[in-house]
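Reader: I am new to this structure and would like a close look at a single part of it. Could you take me through the surroundings of the ligand, and then place that part within the whole chain?

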Amino acid sequence: MSFHEITPFIGAELTDVTYEELERPELFDQLVDNLRRRELVVVRGIELTPKQQITLARRLGKPVPFLLKEYRHPEFEEIMISSNEVKNNKPVGVARVGNFWHQDSSYISNPAPYTMLHGVNVPSTSGHTLYANAVDVYERLPEDWKRKIAGRNALATVNKRLRIGKEHVGLSVAEFRALIDIEHPKVEHPLVREDPFTGRPYLYGSPEYLDSVIGFDANENAAFFAVVDELIQDPEHVYTHRWTPNDLVIWKTATTYHSATAVEPGVGRTVHRVSIQSGD
Ligand SMILES: O=C(O)CCC(=O)C(=O)O
Ligand SMILES: [Fe+2]
C-alpha cells in the first residue's frame, strides 16, 4: 500500500484502502507527507461516513463550519454540501462551487490551509476538477515577470465572483459593488510566497480573485493576469481529476490552483467539503 505520483507536477494517489487502514498512523503520516510535497492527495474510492470524514480532517487541523448555515450538513456542521441536486423542491447544497480557477479563500487574510472533498455522488463523464500547482506556475513565469513582481504585494478581492443574493435585489451594479467593498474589504498578500514545508516559492493569487498588483498600472495588471491565466491553464500542466465514487481529495489551498467544471444537464453531483484550519 503506497502512494504513487499522479503527474510530474502535482498529486499523489492511493488506491484500495479502507478507512480503518487509512486511520493507522503509518499510513496517515504518509498521506500528510505526500500532501506537503505534492500539494494534492487523492484516495480513490474510500467509503466514508460524514463522521469518519471529519475524524480524518481533524488529523490535519481544525475543521471549520461553512459561513452560511443553510448549506451545512444537517447533522455535521463541519461539512458543507456542494451539490446541484434538489430534493423536495429544496437545493441539497450549494451549486457551482469554485467553477473558475482559484486558490481557496485567497481573498481573505487567513485562509484555512487545507480543503477536503469526498465524492458522495459523482458523475464520471463531467464535473471533473482541474488542478495546477502554484509552485510550478511560479517556476514557469518568464524571468522578466519574476523580476517585475519580486517583493510586490497584490490586493485580493471576491468582488469579481461574489454571488448576488436576495438582499441585493433593487441595487444598481454600482451600489452592489460599493456594498461588497464594505462587507468584503480587499486584502493584501505578497504575490510570491514560500511554501512552509518545502521552502519552494509559489505564486499566490489568481486573476479571478485579484484586484491588482500594488504599483502596477492598468496595462501591467492586464498583461500580468493574462500571463498568469495562461500558465495556470496550460493543458500540459493541468491535472484533471475524473471522479470515481467515494474519492477523497485533499489539497493545500495556498499552493493549489483548481477549478470545478460544468456538470452535464440533468445529472446530479454531490460532494462533501471540509475546510481545515490549522491548529485546534
Ligand atoms: O467541486 C469541485 O470540483 C471543486 C470545487 C471547489 O473549488 C472547492 O470545493 O473548493
Ligand atoms: Fe475551491
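Author: What follows starts at the ligand and then widens to the domains. Please keep in mind that this is a predicted model. The residues around ligand 1 are Ser82, Val97, Gly98, Asp104, Thr115, Leu117, Thr129, His258, Ala260, Val271 and Arg273. Three strands each give two or more residues to this shell, namely strand S8 (114-121), strand S17 and strand S18 (270-277). Sorted by class, the shell around ligand 1 is made up of five polar, four nonpolar and two charged residues.

To place this part within the chain, one can turn to the domain assignment, which gives domain 1 as 4-132 + 239-277 and domain 2 as 134-233. The C-alpha centres of the two domains lie 23 Å apart, and where the domains meet, 16 residues of domain 1 are in contact with 22 residues of domain 2. On the side of domain 1 that touches domain 2, the elements that give two or more residues are helix H2 (25-38) and strand S17 (256-260). Strand S17 thus appears in both settings, for it also gives two or more residues to the shell around ligand 1. By class, that side of domain 1 has eight nonpolar residues, together with six polar and two charged ones.

As for what is on record, an unreviewed UniProt entry lists residues 4-274 under "domain: TauD/TfdA-like". In the model, the end C-alpha atoms of that span lie 24 Å apart, and the span is 25% helix and 25% strand.

Technical notes
Residues are numbered from 1 along each chain as its sequence is written. Chains are lettered from A and ligands numbered from 1 in the order in which they are written. This is a predicted model: local features need pLDDT of at least 70, side-chain atom pairs count only at pLDDT 80 or more; totals for chains, interfaces and linings use all residues. Domain bounds come from an automatic or database domain assignment. Two residues are in contact if their C-beta atoms, placed from the backbone, lie within 7 Å. Helices (H or I, at least four residues) and strands (E, at least two) are DSSP runs, numbered from the N terminus. Ala, Val, Leu, Ile, Met, Phe, Trp, Tyr, Cys and Pro count as nonpolar, Asp, Glu, Lys and Arg as charged, and the others, Gly among them, as polar. A residue is near a molecule or strand if its C-beta atom, placed from the backbone, lies within 6 Å of it. UniProt positions are given in the numbering used here, feature names are shortened, and annotations may be inferred rather than shown by experiment.
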